[in-house]
Amino acid sequence: MKISTVQAFLRNAVRGGAVIALLLIGFSHPAYAQRVLKGTVVDENNLPLPGVNISVKGTTRGTVTDLEGNFSLSVQDESEVLVISFVGYSPVEIPVLNQSQLKVTLKEEVRKLDEVVVIGYGVQKKADLTGAVATVASEDLVKVPASSIDKALQGRAAGVFAQSVTGAPGSNVNIMIRGITSINGTNPMWVVDGVPADPKTINPNDIESMSVLKDASSAAIYGANGGNGVVIVSTKKGKSGRTTATLNVYTGWQEAAKYINVANGPEFATMYKEYEALLRRRRFTFPNPDTVATYNYQDLIFRTAPMQSYDLGISGGTDKSTYYFGVGYLTQEGILRNSSYDKLTVRMNLDQKLTGWFRVGENMSFGRQIYHGYQEWQLLNEYHTPILAALNYHPFVPPYDTTGNWSFTPLGNTGNPVASVELLHHKSQNNSGKLSVFAVLEPIKGLSYENKITGTASFGITDDFYPIYFITPSNRNPNSKVYKQSDWYYDWLWQHRVMYNVTLAGVHNISAMAGFEAGYAKGEYMNATRWDLINESREMRYFNASQNDTLLSQLPNGAGNESSGYSYYGRLGYDYKGIFLAQANFRRDASSKFGPRKRFGNFPSFSLGFKFSELSIVKEKVPFMSFGKLRYGWGKVGNNAIPDYVYFSTIGVLDVYSYSFDNTTTEALGAAPNKLANLSVAWEGEVTQNLGLDLGFFGNKLYLTAELFKRYNEGMLMEVQAPGYAGWIVRSSYQEGGVANPIANVGNISNKGIEISADWKDKLGKLSYSVNFNFTYVNTKAGEIRPDTIFRGSAKGINGYLTRTINGQPIGEYYGFITQGLFKPEDADTINNVIVITNQPYTIDNSGNKIYAQPKAKPGDFRFKDVNGDGRITDADMVPMGNPNPKYLFGMNINLEYGWFDLSVFLQGVAGNKIFNATKFYMFNMDGAFNWSADYVKNHYRENIYDRAGNLLFPENHAGKYPRLDPRNENNNFSTISDFYMEDGAYLRLKNIQLGITIPQVWTSRIGIERFRFYVSASNLLTFTRYSGYDPEVGSSDLLVRGLDKAAYPQARIYTVGLNVNF
Amino acid sequence: MKKIYSIPVFLTMMFLVACSEDFLDLKPIAMETEETFYKDFDALDMTATAAYGILCTRDIFDYYIFMGYASAADDVEVGGENTNDWPQFQAVDRLQHSPMLSTIFDSWGYCYKGIRMTNEFLSRVDKIRATDTKVNQALVDQRIAEMKFLRAFYHFYLAVVYGGVPIADKIVDPSMFSTPRNSLKEVYDFMIKDLKEAIPYLKEKSQLAPNYGRVSKGAARALLAKILLYESSYAKNYPGDERFAGMQERWTEALQYAEEVINSGEYQLVGINGERFASWRNPNGGVGGYRWIFTLDGDNSPESIWEIQNVMDGKGWTYTRGSYIVTYFTVRYYYRPSDPTHSDRVVGGWSFNLPTSYMVNAFGNQDSRETGLHSVPVDPKLDPRFATSIGRPGDTILVNDQTEGEKWFPMSFSNLPTQTISRKYECSPQEYWNGRTNDNEGPMNVRWIRYADVVLMAAEAAYMAGDKPKALTYINQIRKRARMSGNTGYPEDLTDISFEDIVHERRLELAMEGWRFFDLVRWRLAKKYISGITLAALGEGYVVDFEEGKHEFFPIPYNEIQLSKGALVQYKGWQ
């Protein structure tokens, strides 16, 4: 038995390889002919249908109809069956018998709901679903040229928010399904072909179907991992029949959609002169501002960048064995110079029937990703991102000095953005392979048993090289340096599952499933640095090229972590005549992340459905309603997204604890507890309820789904921020070996919302069209958190923490002072030769003097609102300024098809969120250390400014809408957190528009091509927003600090042309 | 064929059996746990080391006491590249800081981290000394005393910066996360008790050699004298102020501990007899005593009582036990001697902490706000301490340049609004800028308490206790050493002494060492000396205003107040 399994595998593999070889060298299959069958295919109006597929069931033989709807096909014997199919029509099967001339009428397809949806550990008919499950069409996923499949989810399903952390190619993606489920992260679990997987290693073209499990009644079967929802992906499998091949190729150009308007050379110089005049400097740096040159640094760091994608899929099989091979390669350069992403994916799915009741198979995938350029943390950090530097660098300074070296501005310490882009040598790669082998037994009808073993192995390499450079006094490198990191990861998972379906008395449908699985994962890393390389050439960027062995910073580092767990789970389903539906799930998880007393978590759920359209009274009274179902689900899911070993009190033996006692450079090692452990840390429990209504009208041409959901996460695992008094302050976690604060089940978070999706599909003469629309409203609140307020987020120069997460309030809301316009000259009096704003709140001190709320304010300064009316501006006057998480999400997709042409338009947007535009701080700066915003140059408040001799240099501008230029920052206009920085983050984006031309099959079939489609496409072509920064899609790596824009790497505008060819 | 069923069923059964609890019992990798680690005193001693290690926390102690807080005083201006460089410190310089200033107030948490390390040690030591049979009991007593000193030291730092703070006399568990302030008096009593308990078990500096990094008896006495001096000053100068309620004038006690240091014979004023000291800066003639203290060679000098030990260890900027003070203070640009037109600036340090014109004038006894001095106006440069403390245009810095070799390079003053630079922690860029990496790892120890400080404390305590002749003797020792460091004849011995003379002598002797602001506060002279000053970087328009009742202490960081759930309350002036 085992031997024949192996043989079957080998046979399939050999066959698959042979097919590829044949295709590549252009041979086609010769068919073995016995007699010829002729026929015509027409539609219901008796009009001929060209391009209809005719194939002989269970073989690779087939043909298509010509322009008159005629075909001829060789058949071998009378028992064969023809399968006749055409897009938009119901397929028919016709036995050959002894006919020689056939006339086939195809009926237009009525949209059916017998579509099968993949759910957790099983499949279910869409019509019978009782949980909240969204499906995403696989052809939609490949429309937008996205580097990963998670990015392609954006706008495609109600309730799903997806946003790239940065616009860099290959960037990570934040996904939230129905709001912020937990502050430990919101990204859902990805399950590919039944096992957890990394979405970045999936080729969108390999995907057969994708379902998003949104509520607990559908996701609870994944227990601890289902807390953030589950995305289930099934990859393509071979079908018995003729071998088909699909080739998808596109090439594209990407560009920055927008530049920010900063001052040019003369504008900067004028402003700088004004600044110097205010400081009463004797000599001006730019006596004649108009003669100053301009260099556009945004132009110098951004570029038009190419991208290409190639993808080939081959599938086929016989009655007993099927196969699918997919190979994909994507290469994408970033619009920021010196950044790129390459991805190679390979997939092989084989399935072999050994007997009528026993089959085996495997799913194998390999993914390789290579990143070049800036890392995510750099792009999000104001000290490192070259994009902010391009806005800040002085426009009069050329990028290179006369000797060809990078310039350094004489007026500040902003680094030259061109230098930082050019000297960057960061490369990281990840290679990951996964193999599942499975056996399925079906000993009696309705009973099946599956046993699957999966293993993953991956390794990553990071290569950094730092040449000798000088950018600023605090950013320089006197000696070349090479840094390398290697990491390894492997895991295994063993799953067992028994399923049984039975119908009793013809009306009671019962299904049952029970399973057990266990898994283990381990990761390790090693890194090291060496300095002083022989030279800077590419070949010398290795440790052995280091000339110096004495530097201690060459010490290597390495550690690892491992986790294990096992689970029992089961499901019981019942329906009565397909009218009343009920389902119950249960899972019990055990995980090594929790201490011995808290290891197990139980996650129950149930759901009920009532298909009222099946009642005869409904059928009679509401004939236009073709489908109607009401459903309700309740469930509890968990979350164990916390670091390993939090229940241990670990000891750090750290460099930052060591000390030199003996007046030499010898250091004694220090060690101390570096973490407040919590032995009682336990599972999170998220209770979700979902009420859904599905309605179909007019033969399901119109299909509506509405859902109401409510989720409450109890005992959310959170870092309990210890006060400084406790002595656990950590400057950076890598410095002191991880999180010091204890993690405890002390948080609650609640999400409530509504989802609506509508789907209309119809034909108007030869025009077929469809419109999908989805809308989500979600309201997320921190139910209760400890401590009562979590402060997060900062921006250089702006004082204080920007966001707060407070009990009963939105997550990561911005708090600050309210500005009430600028003080005007009429608000001021001169007291003792000093201009004082007297029209403002004040208190009276012991000696009876007025103490003004903003004591140093002058006309042209912000008036901050004294919210509590105590006559002072204090922290108590800081109020909520905006929620960075969108409350409303929407997506709309329109598809049109007419003859040769197809057109799709995809719109996506969000609303109800605010963005903190921190770039304004730098561009409205008070001392010329950075460049100014062009808007600020033209529109700031100004009093008359005279030179030392009393000549008027700059006339007053009392109409200026921005605060005065104040080198002394007396009123903290910009260094105060205020609503001045808050902007509306709503946008509507034409995410993709695509026009395709399909050459009629009757022509292409002559050269062996079943389908030949050519298309042009544009992504992110138009964005409607009031946001003034680069891109309203401001990503973040911190859930509690969303919507903080420090010159975000914008989403590129992409133009592509592509080909889809099916053989 | 039926056998096929048995295989997966068997495997499943086997697996279920194998999945016992052991499968989930995974231990942390590459890390010990508390249970496995603290087995003997040697392990516990590593925690004592960690209590010292926090002293080197790169940008906390370096930044704050010597730059951040010091810049509130009249003698120091923040400097840097421009008026927007390090905005938090610029705000303190202008006395425009607020509880919201985020990063500057990390010192709060880091002091408590140091305190936690001492408590981690102290809470375990009794059990270890009872169970570890090989333990050296005298050594354990010495370590306990060291930890008590450090606990007092970290509390003292918190108390001078923030006033009354919550005392952490044990490991703080989550039930204690909302703890209110203790009164300043309670904090002082706690520190004094810790130090008095520590002194008998500590060793004299000479017994510690060469482990000068350890706490000595002298260090504990000097810190105790300092604490008593602060308490006495607060008590005398802020009667009726509730922040200082209960504090007492204890001048004779302060004098007693200062004199115990002086009479121990362990320390001396370096160069008081005009000795020259060999230094690589002047290998031929040597340098005067005062200058020598502030060179690398002067680390752990005979004048050193308590220094934070810094080393350039090449561990990189996040880990190094080096100090950033050196980088901060060293001049930002200099010129190559081969570049006579000064067209090409070479980058050195960061040019923070600039001496003001008030500081310069004080060296010439010409600060008009100093009334009642017994010194007469002179050229500031005549005081040998001037050149060690302050650099001015025309001054040079010794650089070992890759192309020009070791030479004195002219400093650039073009971006320095005060036209001065602080020189006490100056090093050649090659010394702090880890020659091969881009990491700033100042190797120079931070001179926290040196003997001259103790002599001045003795002078002050004696004066306040009514013993003028003794005060005069001590002041003249300081002046003599200064004079003998350059043999210029200045400063001359005093024949009579006023309180202002003591204030003046501390100001000059400890110039740019970060104590001025805290001294002004305890003397209640901050309003007199700070209000009304202007800042060179901001021109004439901006006048600094010191508000009494508010600016004596820095506000508690805003988020600490939040994290305490309201248990911590700002002093009235900051509410």
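Where in chain B does B:Pro491 lie? In this predicted model, B:Pro491 is located in the loop that separates helix 18 (468–484) from helix 19 (499–509) of chain B. The peptide bond between B:Tyr490 and B:Pro491 is cis, with omega of about -10°. A cis peptide bond also joins B:Ala209 to B:Pro210, where omega is about 0°. B:Pro210 belongs to the loop between helix 9 (205–208) and helix 10 (217–237) of chain B. In chain A, the backbone of A:Ala1047 may be noted: this residue, which is not glycine, has a positive phi near 70°. A:Ala1047 is placed in the loop between strand 56 (1044–1045) and strand 57 (1052–1062) of chain A.

The contact between the two chains is considered next. Chain A contributes 116 residues to the contact, and chain B contributes 109 residues. Together, chain A and chain B bury about 10,200 Å², of which 60% lies on carbon and sulfur atoms. On the side of chain A, the residues that lose the most area to chain B are A:Tyr659, A:Phe661 and A:Tyr725, which together account for 10% of what that side buries.

Polar and charged pairs also cross the interface. Between chain A and chain B, 22 residue pairs are in polar contact, counting pairs with both residues at pLDDT 80 or more. Strand 28 (residues 557–576) of chain A supplies nine residues to the side of chain A that touches chain B, the largest share of that side. By residue class, this side of chain A is made up of 60 nonpolar, 37 polar and 19 charged residues. One salt bridge is found across the interface of chain A and chain B. The side chains that form this salt bridge are those of A:Arg599 and B:Asp25, with an N to O distance of 3.0 Å.

The two chains are also joined by strand pairing. Strand 32 (residues 650–659) of chain A runs antiparallel to strand 1 (residues 32–33) of chain B, and two bridges connect them. Within this pairing, A:Thr650 has B:Thr33 as its bridge partner in strand 1 of chain B.

Strand 28 of chain A, already noted at the interface, is paired within its own chain as well. Strand 28 and strand 29 of chain A run antiparallel and are joined by 12 bridges. A:Tyr566 is matched with A:Ala590, its bridge partner in strand 29 of chain A. The two strands form a hairpin with three residues between them, and A:Lys577 in the turn adopts a positive phi of about 55°. Strand 29 of chain A is further joined to strand 30 of chain A, again in the antiparallel sense, by 11 bridges. In this second pairing, the bridge partner of A:Arg587 is A:Phe603 in strand 30 of chain A.

Over all chains, the count of salt bridges comes to 98. One of these pairs the side chains of A:Asp644 and A:Lys593, at 4.0 Å from N to O. The two residues are 51 residues apart and link distant parts of the chain. A:Asp644 is in the loop between strand 31 (625–639) and strand 32 of chain A, whereas A:Lys593 is in the loop between strand 29 (580–591) and strand 30 (600–610) of chain A.

Two open sheets of chain A are described here. One sheet consists of four strands in the order 3-2-5-6, with antiparallel pairing. Its edges are formed by strand 3 (62–64) and strand 6 (92–95) of chain A, each of which has a single partner strand, so one side of each lacks a neighbour in the sheet. On average, neighbouring strands of this sheet are turned by 20° against each other, direction ignored. Strand 2 (residues 53–56) and strand 5 (residues 81–85) of chain A are joined by four bridges and run antiparallel. A:Ile54 has A:Ile84 as its bridge partner in strand 5 of chain A.

Another open sheet of chain A has four strands in the order 38-39-40-47, with antiparallel pairing. Strand 38 (789–792) and strand 47 (879–882) of chain A are the edge strands, each pairing on one side only. From one strand to the next, the twist averages 45°. Strand 39 (residues 803–806) and strand 40 (residues 813–816) of chain A pair over two bridges in the antiparallel sense. In this pairing, A:Arg804 stands opposite A:Glu813 in strand 40 of chain A.

How values were computed:
Residues are numbered from 1 along each chain as its sequence is written. Chains are lettered from A and ligands numbered from 1 in the order in which they are written. Side-chain values use heavy atoms; hydrogens and water are left out. Contact means heavy atoms within 4.5 Å. Buried area is the accessible area (1.4 Å probe) that two parts lose on being put together, summed over both. A polar contact is a pair of N or O atoms within 3.5 Å; within protein, one must be able to donate a hydrogen and the other to accept it, and residues adjacent in sequence count only if both atoms are side-chain atoms. Ala, Val, Leu, Ile, Met, Phe, Trp, Tyr, Cys and Pro count as nonpolar, Asp, Glu, Lys and Arg as charged, and the others, Gly among them, as polar. Two strands pair if DSSP finds at least two bridges between them. Axes are lines fitted to C-alpha atoms, for helices over the stretch in contact, and angles run from 0 to 180 degrees between N-to-C directions.
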